[in-house]
Structures are given as C-alpha cells and as structure tokens.
Amino acid sequence: MARNMDLKKTAIPEQDAKERAANFSEVSLGYTEEMAKNEAARCLNCKNRPCVAGCPVNVQIPDFISLITEGKYVEAYDKIRETNGLPAICGRVCPQETQCEQLCVRGIKGEPVGIGRLERFCADYAIAKGAKAVRCAAPTGRKAAVIGSGPAGLTCAADLAKKGVEVTVFEAFHTAGGVLVYGIPEFRLPKSLVQKEIDALRAMGVKIETNMVMGRVLTVDDLKAMGYETIFIGTGAGLPSFMRIPGESLNGVYSANEFLTRINLMKGYRFPEFDTPIVRHRRLAVIGGGNVAMDSARCAKRLGAEEVTIVYRRSEAEMPARAEEVHHAKEEGIVFQFLVNPTKINGSADSNVTGMTLQKMALGEPDASGRRRPVPVPGSEYDIELDAVVVAVGTSPNPLMREATPGLVTQKWGGIIVDEETAATSIPGVYAGGDAVSGAATVILAMGAGKTAAKAMLAYMGIE
Ligand code: FAD
C-alpha cells in the first residue's frame, strides 16, 4: 500500500457538537475500514519504534498498524492483545498525546499517526465480528483473590486466569468496572464495551462477586483463611478531596465522584426510567482542570444546564486533561475561566448555592510538579452567580482497606507502598497496584500495574 504523506491525521467522524451536547451517545464515531487503512498508511514503520517505548504496556504499535494496511484487522487486534487486554477501552481513553503519539516521528513535521484511533478501530472491528475467547491453561487448583474491579483488578485477574488460577474478584459496587463504569461517561466510553470485557473475563472462569465492601465484609486475613494464597488490592483512589473553603456544605455542592456516579453508574441521566434522581441545574461551575472536571462539565451540559463554567487556577497550558476532551468541551459550549481560584461558595438563607467568589491568580515559579505555581492576586476577588458547584480537585485512596489490614504499609496520603518491580506490599502474598498505589493516574498505568502484580503472584505460587 502506498505511504500516505499527509501531514494531518485522517479525520474521524464525530457527532455534531450541538446535537451531542444534548445526548449521552458516543461523541466519536470511529474510523471506517477505508479511513483506518488511509491512516495506517501514514506509519513509517520506523526501525527504532519510538512509539512502542511511549506505551506503558509496550504494545507493538508498528506491527499492528502494518496488519491494518494489509486488511488483517482481527490479526491486528490480536497483536495488541498480546500486551494490552483492553484495546477498545484504551483506544478511546488513553492519553496518547503524552504517550505513544508524542514520540511518533510523523509528529515532528505534522500530526502524529492516530495510534489511538487505529487501536479503537481494530478492537471495534474484531469485537463486532465476535472476537475469539482467550485460551486458558488447565486449572491448577490454586486460588487468588482480586479486590476491586477497575482496570488494575481486571487485568490482574485475566493474567492469573490465563495461567489456570481460580480467581475471584471482590467488588464493592453492584457493578464491576471501576472508574470505567462509574466515572468515565457513556459519551466517551460506552458501558456495553466495558460489559463485554467483563463478560469475557467471566468466560475465562473468573468469578466476580459484587456488593462486597472488602475490609468490612471480609478482610485480607479472612481471604487467606478461605484458601486464597495470594491477593491483589486494586481499590483505586475514589475518596474525593475538597477545597476546604467556606460554603462547601451548601446544597448544590457535589464532589465530582458523587456527581458522575449518580449520572453514569446509577443512570441518573435516564431518570425516571432509572430511579436515581438528579437535579437539573441552570448555572453550574466545575472546579478543576483534569479529565474528571471535563467529564463533569460535559455531563452537566447534557443534563440541560444553560451555562457550565470550568474554573481552573492555572492557565490552559497547565491543564492536565486530555487535549481531545478540552477540545470537545469547548466545542460543546463549556466556558473556561483560567487563572482563578474559588475562595468561597455563596449561599441563600435556606442553604442553597447562589454563587462563588473567585480570586484571580498569576503564574509564579514552577512547583514540585514542574508546573508554574499559581499565586493569588491581592484584591482581585469577584463573584459569579451559580446554582451548583462540582468539586473536581483530585481524589485519594479510600482508607478502608488500610485501616482493616494490619501491617499494610502506606504513604502518609494513603497510597499503598509496593516494590516497584513486583507490586508486592509489606504483607507476604499480598500485592497492590493502580490508583490505590499511585494515586489518581491513568487506565493504562493501572493495567500495567495489574500485569506486574499478576506475574509476581504467579511466581509466588510457583506457576510458570
Ligand atoms: P478504579 O478504576 O478506581 O477501580 C477500583 C475499584 O475498586 C472500584 O470499582 C471500587 O468500587 C473498588 N473498591 C474500592 N474499595 C473497595 C473495597 N474496599 N472492596 C471492594 N472493592 C473496592 N484515565 C485515562 O487513562 N483516560 C481518561 O480519559 C480518564 N478519565 C477519567 C475520568 C474520570 C471521571 C475519572 C474518575 C478517572 C479518569 N481516568 C482516566 C483515570 C482512570 O480511570 C484511573 O486511573 C483508573 O481507572 C484506575 O484504575 P484502578 O483499577 O486502579 O481503580
């Protein structure tokens, strides 16, 4: 196939911005075969493969792209699956612009190859064709437990099951999937896709027990007594942080976690068809500049809010959200106020939110994160009118597991301390990974941690 030297990525069809801002269907519609082949032909198949080094799970990117150029889409999917168990998900939500695509040689003089778009294309194609079940080794009779069913836990469970281990996943919520189902909205990641991955895991023999708040229902010691030789903790970082400013307990102030969980997991956007009510606000502000803030703002818009504003204390250049999400949010009419920080949420006599006081900020010297520190501008406060505020300023690991597990050594902020090479915790046979260790990070890093742990857990049980 002739090389495509176009400097731009092959455009991907999307729902019209106005239309999609009023529905929860997926924004991006994905490549057709023709578009995928056209984009795949932009790959130079470089000898030194810089893109692979940028992928936290080392997907052999040029190999799968070259299979796409030959029209071998299912084979391309299988190639990705050699190192990444969730391509349909990663193709949609990975921050490719700071990983594989950032190192793509085509990006030097134009746009990098659309690696994420191609990954999504072959995953969707293969799933639609009925991707074949993963083959597992004969049962070994050995038992392992996985606590938490986010990408870290699911990946760990899959790798253990492949080797014939009897795996049970214990999940606190009534549905498995972690942030993939309770956080990331339907319009970015259709839940039916996550469900398919979970069904595939069940088809491999993995048991998933929901409504199991571990640390309360069962402890690590209980699991050991039940015959689980090794245990993985992948409980994420679901405890929301707040600003600690006056007015945060007013009616109409939400943590992003609560807001998104009500809408996504509990299907609040389909009330009354589903029985989780959600107040439809008129003027809403979201505090924060990450993916969680973008998702909250875009959900609020879809629920009918007339004006949704994101307030962020640094400038646009420092925003941690994926570039694509910021771009989509702007297209959908989300207003951005940069270099401002809330100092107070204002309320009425009956304790409902009426607005927020914001202070302007300037950028000072870089802080520990390498980003320029926001410095308050004295006397620059001003008020905006609102009827709801969503706080999306970060999360930390829930303290439940560490409080219920004597001997589990954690950081001061709650992250479980592990050996980097093996994901082993301070308790023999107990491993941990994902956001529960790193704090809020990414899907692909959580998956990588699940893989590392599974490898070490197999070694612990003496399974090759
Ligand atoms: P989680 O996905 O948090 O899963 C942990 C699971 O453990 C949950 O199901 C939880 O209910 C369960 N659990 C917790 N405590 C217990 C207990 N005591 N007993 C049993 N179960 C328990 N990353 C990206 O790469 N791209 C994105 O676009 C992106 N967008 C995001 C948007 C939002 C709104 C959020 C919140 C995060 C986003 N992230 C994104 C981050 C990414 O989703 C996380 O880094 C990733 O899900 C972490 O995986 P995990 O398996 O460690 O934890």
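## A quick tour of strands, helices and one valine

Strand 2 (residues 166–170) pairs with strand 3 in the parallel sense, and 3 bridges hold the count for that pairing. Keep in mind that you're looking at a predicted model. Let's start with the sheet those strands belong to, then move on to some hairpins, a pair of helices and a single valine.

**The parallel sheet**

- Strands 2 and 3 are part of an open sheet of 5 strands, with the order 3-2-1-4-16 and parallel pairing.
- At the edges you'll find strand 3 (207–209) and strand 16 (430–432), each of which pairs on one side only.
- From one strand to the next, the twist averages 20°.
- If you want to find the pairing of strands 2 and 3 on screen, look for valine 169, whose bridge partner in strand 3 is isoleucine 208.
- Helix 8 (residues 151–162) lies across strand 1 (143–147), strand 2 and strand 4 (230–233), and it runs at about 170° to strand 1.

**Strand 4 and its neighbours**

- Strand 4 pairs with strand 1 in the parallel sense over 4 bridges, and here alanine 145 has isoleucine 231 of strand 4 as its bridge partner.
- Strand 4 is also joined to strand 16 by 3 bridges, and these two run parallel.
- In that second pairing, isoleucine 233 stands opposite alanine 432 in strand 16.
- Which way do the side chains of strand 4 point? Thr230 and Phe232 go one way, Ile231 and Ile233 go the other way, and all are buried.
- That fits a handy general rule: in a regular strand, side chains alternate between the two faces of the sheet.

**Strand 11 and its antiparallel partners**

- Strand 10 (residues 340–347) and strand 11 (residues 353–366) pair in the antiparallel sense over 7 bridges, with lysine 344 opposite threonine 357 in strand 11.
- Those two strands form a hairpin with 5 residues between them, and serine 351 in the turn has a positive phi of about 65°.
- Strand 12 (residues 372–376) is joined to strand 11 by 4 bridges, and the two run antiparallel; methionine 361 stands opposite proline 376 here.
- Strands 11 and 12 make a hairpin too, with 5 residues between the strands, and glycine 370 takes a positive phi near 90°.
- Strand 13 (residues 382–385) pairs with strand 11 in the antiparallel sense over 4 bridges, and glycine 355 stands opposite glutamate 385 of strand 13.

**Two helices that cross**

- The axes of helix 12 (residues 256–263) and helix 13 (residues 291–302) come within 10 Å and cross at roughly 50°, which means helix 12 is oblique to helix 13.
- The crossing of these two helices is left-handed.
- Helix 12 makes the contact with Ala256, Phe259, Leu260 and Ile263, while helix 13 uses Val292, Asp295, Ser296, Cys299 and Ala300.
- What kinds of residues make up the contact of helix 12 with helix 13? They divide into 7 nonpolar, 1 polar and 1 charged.

**Valine 93 up close**

- Valine 93 lies in helix 6 (residues 87–93).
- Is valine 93 buried or exposed? It's buried, because its relative accessible area is 8%, and the cut-off for buried is under 20%.
- Leaving out residues up to four places away in sequence, valine 93 touches Ile184, Arg188, Leu189, Arg322 and Val443.
- Valine 93 and arginine 402 are 309 residues apart in sequence and 29 Å apart in space, C-alpha to C-alpha.

Conventions: Residues numbered from 1 in each chain as written. Predicted model: local features only at pLDDT ≥ 70, side-chain atom pairs only at ≥ 80, totals over all residues. Heavy atoms only, no water. Buried < 20%, exposed > 50% of the residue type's maximum accessible area, 1.4 Å probe, protein only. Contact = heavy atoms within 4.5 Å. Pairing = 2+ DSSP bridges. Axes fitted to C-alpha atoms, helices over the stretch in contact; angles between N-to-C directions. Parallel < 35°, antiparallel > 145°, perpendicular 65-115°, else oblique. Left-handed = near helix turned anticlockwise from the far one by under 90°. Nonpolar A, V, L, I, M, F, W, Y, C, P; charged D, E, K, R; others polar.
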